[in-house]
Every structure is written in structure tokens, then in C-alpha cells.
Amino acid sequence: MGDNITRGGEIYFIGERDLLTGETSPYVKIGLVRDDRASSARQGDHQTGNPRELFLHDAVKVEMVQTVEKSLHWHFAPKRVTGEWFYLRAAELAEAVRKCRELGAEFELH
């Protein structure tokens, strides 16, 4: 169990875009992939069955990827829509990515 918690990977931020209007929605999925997989692969996994185009806003490589993801989900819980999907305006998304980088740097030191 401990090895699973300390493993590195990426935290990804996937957004969605309306195919007809090109408008980007404020819905963002904050998820993780371990080092053995790419964030772009998760984007493809989630695309199936979604009528909107999914795209990768950002991906941040971190140690203790599971702990960082849980921390982000907790921090942004008031913005949660369902599961790992959050309602984040542009400034809030930028804050989430910044917070992810900060947590990643902090855990890398320890």
C-alpha cells in the first residue's frame, strides 16, 4: 500500500469544448495517471461517450500523485459537480494548476 501512495505520475486537468460552437465549458476533470501512463491516454478514455471534445488543459508531473490528487479534490470540493469533475472558471483553473505545482514541489522535498 505505501508504494502505491508514494508513486509518481501526473495530475491532469481535462476540459471540454462544444463541437458546434467551439465554446469551452467551465467543467474540468482533475485526475491522475501513474508514471506508466500518459495523461493524453486518459483524455482518450474519457472521450468515449462524451458529445463534447475533451482536451488537456494541463498536466503536472508530481511525486506522491495520489496524495496530491486527494489534496486538490479536498481543496476544490466546494466547486465539485460530480466525481472528479469541477466547475472552475479560468482563474480558478489557473489556481488549481498552481496549487498542484506547489504541492508537487513540497512533496518532492520530503
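How many residues does helix 4 have, and what distance does it reach from its first C-alpha to its last? The points below take up that question and then move outward from the helix; they refer to a predicted model.

1. Helix 4, spanning residues 90–109, has 20 residues and reaches 29 Å from its first C-alpha to its last, which is close to the 28 Å expected at 1.5 Å a residue. Its buried residues are Leu93, Ala96, Val97, Cys100, Leu103, Gly104 and Phe107. Viewed down the axis of helix 4, these buried residues fall within an arc of 125°, so they line one face of the helix. An α-helix has 3.6 residues a turn, so residues three or four places apart point the same way. On the face of helix 4 turned away from the buried side are the exposed residues Ala91 and Leu109.

2. As to what covers the buried residues of helix 4, the covering elements include strand 1 (9–17), strand 2 (24–34), strand 3 (53–62) and helix 3 (65–75). For strand 1, seven of the nine residues are buried, so the strand is largely enclosed by the rest of the structure.

3. Strand 1 has pairing partners in both strand 2 and strand 3: eight bridges join strand 1 to strand 2 in an antiparallel arrangement, and nine bridges join strand 1 to strand 3, also running antiparallel. Phe13 illustrates both pairings, since its bridge partner in strand 2 is Ile30, while in strand 3 the residue standing opposite Phe13 is Asp58. The hairpin of strand 1 and strand 2 has six residues between the strands, and Gly22 takes a positive phi near 80° there.

4. Which residues touch the most other members of the largest nonpolar core? Of the 19 residues in that core, they are Ile11, Phe13, Ile30, Val68, Leu72, Leu88 and Cys100. Strand 1, strand 2, strand 3, helix 3 and helix 4 are the elements that give two or more residues to this core, and helix 4 gives the most, with six residues. In soluble globular proteins, nonpolar side chains tend to be buried together.

5. Leu88 can be followed in greater detail: leaving aside residues up to four places away in sequence, Leu88 touches Pro26, Val28, Ile30, Phe76, Lys79, Leu93 and Ala96. There is, in addition, a second, separate core of five residues, which includes Tyr12, Ile14, Val33 and Leu54.

6. Leu56 is found in strand 3, and its relative accessibility of 31% means that it counts as partly exposed. The C-alpha atoms of Leu56 and Gly15 are separated by 6.3 Å, although these residues are 41 residues apart along the chain.

7. A search of the whole structure finds five salt bridges, of which three are described in this note, beginning with the one that Lys29 forms with Glu84, where the closest N and O atoms are 2.2 Å apart. Lys29 lies in strand 2 and Glu84 in the loop between strand 4 (80–82) and strand 5 (85–87), so the pair ties together parts that are 55 residues apart in sequence. Lys29 counts as buried, at 6% relative accessibility, whereas Glu84 is partly exposed, with a relative accessible area of 26%.

8. Lys79, already named among the residues that Leu88 touches, forms a salt bridge with Glu92, the closest N and O atoms being 3.1 Å apart. This pair links distant parts of the chain, with Lys79 in the loop between helix 3 and strand 4 and Glu92 in helix 4, 13 residues apart. Lys79 is partly exposed, with a relative accessible area of 28%, and Glu92 likewise counts as partly exposed, at 22% relative accessibility.

9. Within helix 4, the side chains of Glu102 and Arg98 meet in a salt bridge with an N to O distance of 2.6 Å. Both residues, Glu102 and Arg98, lie in helix 4, four residues apart, which is about one turn of the helix. Glu102 counts as partly exposed at 41% relative accessibility, and Arg98 is partly exposed as well, with a relative accessible area of 40%.

Technical notes:
Residues numbered from 1 in each chain as written. Predicted model: local features only at pLDDT ≥ 70, side-chain atom pairs only at ≥ 80, totals over all residues. Heavy atoms only, no water. Expected span 1.5 Å × (residues − 1). Buried < 20%, exposed > 50% of the residue type's maximum accessible area, 1.4 Å probe, protein only. Arc of directions from axis to C-beta. Contact = heavy atoms within 4.5 Å. Pairing = 2+ DSSP bridges. Core = buried A, V, L, I, M, F, W, Y, C linked by side-chain atoms within 4.5 Å. Salt bridge = Lys/Arg side-chain N within 4 Å of Asp/Glu carboxyl O.
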